[in-house]
Amino acid sequence: MKEGAELRNEREFPSSKSGQGVGARLPRKEDDRLMRGRGLYVGDVRLAGLKDVAFVRSPLAHARIRGIHVPERYRDRVFTAADLVGIKPIRAVSGLPGFKISEQPVLATGKVRQVGELVAMCLAPTRAEAEDIAASVMLDLEELPAITDMLKAREPDTALVHEHWGDNVFLETNYEVDISAALDAPIKVTREISTARQCMSPLEGRGVVATFDSRLDQLTLHSAAQMPHITRSGLAECLGMEEGQIRVISPDVGGGFGHKGILLPEEVCLSWLTMQRGHPVRWLEDRREHLVASSNCREHHYKITVYADSDGTLRGIDCEATVDSGAYSSYPFSACLEAAQVASILPGPYKMPAYRCRTFSVATNKCPILPYRGVARTGVCFALELMLDLVAAEAGLEPGEVRLRNLVRPEQMPFDNVTKKHFDSGDYPEAMRRALAAIDIDAIREKQKQGEADGRRIGVGVSIYCEQAAHGTSVYSGWGIPMVPGHEQASARLTPDGGLELRVGVHSHGQGMETTLAQVAHEILGVDVAHIRIMLGDTAMTPYSTGTWGSRSMVMAGGAVATACRELGERARRIGAKLLQHDPASVVLQNGEVRGVNGSVSLKAIAHTWYRRPQDLPADVDPGGLEVTQGYKPVRDSGTFSYAAHAAVVAVDPDLGEVEILDYVIVEDGGVLVNPLVVDGQIYGGLAQGIGTALYEEMPFDASGQPLATTLADYLLPGPTEVPAARLDHMETPSPYTQFGVKGIGEGGAIAPPAAIANAVNDALRPLGVELMQSPITPHRIVAAVLAARATERSAA
Amino acid sequence: MNTIALQVNRRAVELSAEPRTSLADFVRDKLDLTGTHLGCEHGVCGACTVLLDGVPARSCITYAAACEGADITTIEGLDEDEITTELRAAFTREHALQCGYCTPGMLVSARDLVLRLPDADERRIRVGLSGNLCRCTGYVGIVRAVQSVIEARRARSIAPQTGGGRTSLGPVGSGRAAASRSERPVQQALAPASESAAPGSIPDFVPATVLDQRFTLAQPPAEVFAMFEDIAGIAACLPGVSLKSPPSPERVEGLIRVRLGPIAAAFEGAARVERDPATLSGRIVGIGTDQRSHSATQGEIRYRLLPLEGGAATAVELSIGYTLTGMLAQVGRPGLVRDLAKRLVADFAANLDRHMSGRPSEPGAPAELSFWSIASDVLRARIARMLGRRSGTG
Amino acid sequence: MKPAPFAYERPRDLHAALSMLAASNGSAKIIAGGQSLGPMLNLRLVQPELIVDISGLAELKRAEMSGGDLVLGALVTHADIEDGRAADVTRGAMRGVAANIAYRAVRNRGTIGGSLSHADPAADWISALAALGARVTLRSLAGARSMAVEAFVVGALECALHAGEIVEAVHVPARAASAHWGYAKSCRKTGEFAHAIGAVLIDPVAASARVVIGAIDTAPIVVTDAAELFGGRIAADYKQRFDVRVADALLAKAGIDDVAQRHIHVSVLKRAVQEAAA
């Protein structure tokens with residue numbers, strides 16, 4: 001089928017009467033089993049003969065391994081790198097020029113480069129006993145100086161994470177569009193801005209159950225993974241096996257957010273172990289392992305200058321961005337995706353003629369970073385939106401006004417910005433205007449003049465972003481990383497009783513795809529969603545897919561399902577025409593029936609005839625049958641651009657440093673929404689994570705590289721009282737390039753809150769001379785800044 | 001192994017389990033009731049919440065052995081429960097779950113709220129659910145769902161159950177068990193690691209935390225300096241230290257035991273001794289490993305002697321620095337460790353003061369005692385206030 | 001995250017429990033509700049050879065009046081106090097504190113005696129009960145002794161229990177009709193450990209005040225005669241007379257050299273004073 005041939009952007013879809021198609025606020029099909037404790041997560045997989053694994057992990061951030069001492073009686077149950085003959089290290093190489101390659105051994109060899117790095121694997125009947133064995137193994141380590149500060153790591157004569165590199169920089173990039181044109185701008189603001197290292201913290205950790213099926217000559221890996229097909233490719237590379245010898249099954253997954261998009265050394269280890277031992281083996285990541293060992297995210301530093309005219313019109317941005325990538329390049333996204341992305345997305349939805357950005361992906365003795373919901377966008381939005389508030393102050397404008405002056409306007413769509421990002425559609429100024437109106441900026445300014453009786457200070461902040469989603473081949477081929485998405489495929493099969501089976505290679509870890517993809521299929525075929533089954537997360541059952549990441553699943557897999565269902569519908573229609581004895585040109589498929597002038601035949605009847613009574617079919621029937629696999633790619637694969645304006649009102653107690661979010665408004669444009677209930681849930685959930693970034697979550701390290709927030713008593717995740725009942729408003733500008741005009745929206749909620757909240761806190765405290773440019777904004781940071789400002793004021797007086 | 005008899009989902013169960021088996025692992029692994037989820041295993045996230053004697057409890061930090069005779073209801077036992085049925089309908093209507101991992105624990109806690117708090121407004125519902133983390137939904141749908149069920153029941157005039165129906169005192173799940181005991185488990189044999197316990201070379205390091213102390217002695221500096229040569233005597237002043245062998249002037253090997261509340265560690269290692277007669281100063285720098293907790297520490301004691309009263313007396317300036325790595329550094333809470341270190345250093349200074357003044361040491365000193373028994377309050381008062389921490393992670 | 005193996009004993013009565021402790025020679029650890037010890041066991045921070053589970057001991061589950069004091073057995077839970085199953089002689093002060101400890105599921109098992117013995121500086125009871133003038137009874141095979149809560153807590157996770165000794169009961173004096181109570185804490189999020197606690201029991205009629213500054217990484221600062229915090233005397237206008245400089249000096253003296261931390265502690269204490277006066 002020709003791409004985009006069936007493009008439809010009209011708001012009214014045929015299924016709107018059934019309440020099950022695109023646009024329906026349909027409760028989810030997956031809820032019932034999950035609410036009865038009958039989900040099947042990886043920890044719930046039960047296999048006969050299963051044994052547990054615990055790992056010996058490095059207690060030090062950087063050390064040479066002098067020896068690994070295993071008690072005699074455990075010699076046959078402890079495995080080290082020396083045992084893993086033929087297993088290759090994990091390599092995630094970017095094709096960008098100058099990228100330095102790290103090799104991550106699945107069990108450490110020679111050196112350890114992060115706390116928590118795997119050193120030995122211990123096998124026992126239960127996890128507790130495996131941990132006993134792990135505790136009995138003694139490591140003889142020679143501590144080396146730890147590299148914990150990414151800015152110092154760039155300095156000459158620093159200790160090296162990977163000695164043969166000569167420095168600690170995975171990759172440096174430079175991007176410039178005539179920055180000299182901006183240098184004479186009357187407004188010039190320079191700041192350093194940083195975001196803390198975070199842990200993604202899905203409620204369920206990673207987990208692996210590995211077993212080998214000798215009949216099929218196949219390794220089966222049950223793994224809580226977002227991208228099972230990619231995991232399989234990575235495993236095959238490390239294990240030296242054919243991909244066909246490996247099956248990856250990702251069952252119910254308890255949240256991903258990026259954390260479950262990495263190929264784990266544990267996955268490689270357990271694959272090797274089950275083949276070595278001949279029985280199933282299991283490892284479940286516990287919370288400490290999650291917080292200490294596997295992957296972090298978000299640690300950015302910006303040295304940024306914004307140039308503007310005195311009326312607030314942006315002239316340009318000059319930025320040096322550094323991202324702490326940790327010790328190794330993680331598979332498949334690599335160590336440089338995040339920093340390099342900063343350069344291309346920093347200008348966001350703003351117009352400016354001049355731009356320069358230099359980025360560094362820096363290696364340190366910390367865990368590798370992974371793209372977390374929003375990826376680099378959260379940090380970029382934080383940096384730029386904080387700067388725009390300073391520009392507003394310099395220009396004597398309301399922060400909202402500065403944004404309205406510089407945002408791309410709807411009549412400019414589609415719009416290519418200064419970094420050649422192709423904005424597909426939207427009305428950004430309208431989103432900002434609606435947000436300002438909904439938060440009632442004028443009333444807040446009045447209220448601020450009155451002051452608060454309780455001594456707290458009120459502040460209001462806004463931010464806006466664009467979320468490039470479902471970007472495909474043309475974007476990712478440029479990164480040259482191990483994974484480049486191409487066409488997305490879906491398989492659709494009518495069953496003999498008229499039900500519909502869909503097999504899709506993406507995976508759902510809370511996004512509700514068992515419901516939303518069924519809605520897409522219902523939209524095309526009219527089959528009741530109760531009779532549509534979605535099969536996800538199994539390489540043996542689903543077409544190849546790069547999986548679920550980058551807010552791509554509804555655009556890509558939704559598009560693929562629609563395409564496959566259209567083809568299936570077309571086949572059914574032609575069979576139906578035969579059964580109705582009509583000319584195929586004169587029948588239509590509508591609401592699950594093939595209709596002609598003289599009557600109709602249901603899909604159920606067509607399926608029954610095809611499978612059970614083929615004798616009723618004419619001889620010249622299309623032999624292809626009622627099972628199709630079709631591929632899909634949007635008309636342009638440079639990505640959909642959803643966006644939202646966020647506005648926050650906070651009350652800040654300058655003496656206690658406590659921040660209360662009094663009101664929060666989000667005006668979101670995610671294009672056409674397949675299921676607004678699910679979309680709202682994604683936005684609310686993203687907001688909670690954004691609040692975590694803004695106010696709570698931080699993984700600090702001491703000078704020797706020890707992570708210090710290694711329980712949930714120290715690494716604080718927002719709870720019900722920390723997240724407000726936000727108000728949502730939707731705009732729906734369809735994407736011109738996708739099926740139904742949908743856009744990816746899964747990550748957006750987490751992008752803008754840190755900026756909006758920080759701007760609100762700074763708005764509240766600006767009269768005190770306080771400016772906070774670092775996330776998270778903690779009570780201690782607020783009070784320290786307030787006291788420092790008071791001291792400055794006193795010494796000036 | 002203990003045999004544990006209890007009720008799970010109205011069914012009598014009798015199974016053997018190790019005493020260390022949590023109630024969560026017991027129902028998941030022994031009864032295949034996998035709806036009870038483990039999210040943190042340290043009592044914070046709430047995913048493992050079950051009903052214990054009818055009210056919510058954390059099954060990850062409650063040991064199955066402690067629930068002998070108790071009545072346990074997991075999410076699987078709430079299939080037909082009236083309130084849970086209402087909650088399920090509201091949860092799905094309000095999209096109160098995404099990945100579903102927190103949902104069983106959330107429903108158990110929500111049921112308790114509905115039962116106890118018929119007047120709860122949004123704020124009280126949020127506070128009431130604060131022990132259950134959800135990483136997906138932002139809580140909006142959850143709060144709405146619980147609120148709608150509470151309001152619907154209020155409209156039907158259904159009376160609340162104070163305290164969830166509980167009338168007796170004490171920890172839920174306790175009190176119906178007879179006395180019992182398990183056999184002692186075999187203690188873990190640690191691998192011999194003598195090479196690592198007494199490192200050949202002792203590296204220099206930059207301490208993460210430095211604590212300063214100063215006290216005065218009535219002897220002249222040269223005499224005090226000579227006393228610092230007595231490394232065994234100095235070691236005896238350090239609370240918890242025991243020496244493995246007679247020290248040489250340059251090197252000492254031994255063990256230091258420290259205790260932070262219930263946490264006990266024994267760092268085994270060696271120290272290097274440096275002295276500079278020209279400046280009347282010196283340094284002892286050491287490294288040690290606690291095998292049990294896979295933690296290590298590096299520490300140094302620097303001292304400098306300054307003449308007082310025209311050389312008749314001496315001011316001793318002590319600077320004690322340390323860096324901790326491994327488990328104890330990561331979960332020990334730096335503030336608490338610092339408090340411990342402050343107490344240790346104060347006692348060390350007090351003991352040194354006493355040792356060098358020639359007063360007899362307290363009975364029971366030096367090794368392996370709780371620090372609080374070592375220095376009397378009188379001596380403690382002689383110590384100048386700590387001058388302050390120079391660096392650290394505070 | 002599973003505990004190291006331990007043996008488990010459930011004594012039939014208090015005497016049996018004390019005998020087990022005495023026989024263990026320091027290798028045993030008492031568990032009651034396990035809400036503090038459980039996480040430490042799971043993390044293998046604590047690896048006792050023997051756990052003595054006292055959670056079933058009826059002797060420690062009483063709540064009764066004795067000579068005007070309320071005597072709470074060590075096993076009374078936070079939820080018992082929150083719900084009013086245990087009597088309250090503090091006119092709601094203890095109920096208010098109990099209701100804001102951690103989370104309901106934790107309060108259903110966490111005990112007052114366990115919380116005191118654990119002596120976590122950030123926990124509520126060591127500060128609140130010190131302000132209320134409570135005493136603890138400690139018992140071993142050798143007998144019982146009693147001491148003020150402020151003497152019982154000696155440092156971070158350090159209390160005055162000797163080997164073989166357990167907290168048997170807490171004696172809470174009745175709060176005078178004229179005594180004002182204020183309790184404030186600042187937590188990063190609901191239910192988490194506090195990073196600052198202020199507790200005050202001020203009786204303007206009796207001209208007395210007990211003031212506690214807690215959650216300072218060591219034993220709380222307990223000022224039993226707090227006149228100096230109120231300009232030298234306690235009277236009806238104590239709210240206006242509260243002197244933040246004196247509070248700040250107390251914190252500095254306790255070794256808190258971070259100015260912002262001190263400021264937060266003083267502000268929380270001020271909030272407790274305001275609450276008492278409200």
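## Chain B and its fold

In chain B, 63% of the contacts between residues at least 6 apart in sequence join residues at least 24 apart. This is a predicted model, and in it chain B has 11 helices and 13 strands. Of the 394 residues of this chain, 60% count as buried. The accessible surface of chain B comes to about 14700 Å², and carbon and sulfur atoms hold 53% of that.

A pair to look at inside chain B is Glu300(B) with Arg283(B), which form a salt bridge with their closest N and O atoms 2.9 Å apart. Glu300(B) sits in strand β12 (residues 295–308) and Arg283(B) in strand β11 (residues 281–290), so the salt bridge ties together parts of chain B that are 17 residues apart in sequence. Are these two residues buried or exposed? Both Glu300(B) and Arg283(B) are buried.

## Where chain B meets chain A

Here 69 residues of chain B are in contact with 75 residues of chain A. About 5900 Å² is buried between the two chains, and carbon and sulfur atoms give 56% of that area. Which three residues of chain B supply more of the area it buries against chain A than any other three? They are His95(B), Arg135(B) and Gln330(B), with 15% of that area.

The polar side of this interface is worth a visit too. Seven salt bridges are counted between chain B and chain A. In one salt bridge, the side chains of Arg36(A) and Asp79(B) meet at 3.0 Å, N to O. The interface also has 31 residue pairs in polar contact, with both residues at pLDDT 80 or more. Several elements of chain B each supply at least two residues to the side that touches chain A, among them α2 (82–93), α3 (103–116), α5 (140–155) and β13 (313–326). By type, the residues on that side of chain B divide into 28 nonpolar, 25 polar and 16 charged.

## Where chain A meets chain C

The contact between these chains takes 30 residues from chain A and 23 residues from chain C. Together the two chains bury about 2100 Å², with 59% of it on carbon and sulfur atoms. Leu656(A), Leu716(A) and His780(A) supply 24% of the area that chain A buries against chain C, more than any other three residues.

How many salt bridges are there between chain A and chain C? The count is four. Asp132(A) forms a salt bridge with Arg44(C), with the closest N and O atoms 2.6 Å apart. There are also 15 residue pairs in polar contact between these chains, both residues being at pLDDT 80 or more. On the chain A side, α2 (127–136), α6 (287–294), α16 and α18 each supply at least two residues that touch chain C. Of the elements of chain A, α18(A) gives the most to this side, with six residues. The residues on this side of chain A divide into 14 nonpolar, five polar and 11 charged.

## Salt bridges within chain A and across chains

Side chains of opposite charge can pair when their charged atoms come close. Over all chains, the structure holds 113 salt bridges. One of them joins Arg574(A) and Asp622(A), whose closest N and O atoms are 3.0 Å apart. This pair links distant parts of the chain, 48 residues apart: Arg574(A) is in helix α14 (residues 553–580), while Asp622(A) is in the loop between α15 (603–612) and β27 (627–632). Arg574(A) counts as partly exposed because its relative accessibility is 29%, and Asp622(A) is also partly exposed, at 31%.

In another pair, the side chains of Arg781(A) and Glu698(A) meet in a salt bridge at 2.8 Å, N to O. Arg781(A) lies in helix α18 (residues 779–796) and Glu698(A) in the loop between α16 (676–696) and β30 (727–731), so this salt bridge ties together parts of chain A that are 83 residues apart in sequence.

Some salt bridges share partners and join their residues into one network, whose members include Arg57(A), Glu131(A), Asp132(A), Glu18(B), Arg20(B) and Arg44(C).

## A buried arginine in chain C

Arg104(C) is found in helix α5 (residues 104–107) of chain C. Why does Arg104(C) count as buried? Its relative accessibility is 6%, and buried means under 20%. Leaving aside neighbours within four places in sequence, Arg104(C) is in contact with Asp112(B), Arg116(B) and Gly163(B), as well as Ala79(C), Glu82(C) and Asp83(C).

Note on methods
Residues numbered from 1 in each chain as written. Chains lettered and ligands numbered in written order. Predicted model: local features only at pLDDT ≥ 70, side-chain atom pairs only at ≥ 80, totals over all residues. Heavy atoms only, no water. Contact = heavy atoms within 4.5 Å. Buried area = accessible area lost by both parts, 1.4 Å probe. Polar contact = N/O pair within 3.5 Å; in protein donor to acceptor, adjacent residues only side chain to side chain. Helix = DSSP H or I, 4+ residues; strand = E, 2+ residues; numbered from the N terminus. Nonpolar A, V, L, I, M, F, W, Y, C, P; charged D, E, K, R; others polar. Buried < 20%, exposed > 50% of the residue type's maximum accessible area, 1.4 Å probe, protein only. Areas by Shrake-Rupley, 256 points an atom, 1.4 Å probe, with all protein chains shown as cover.
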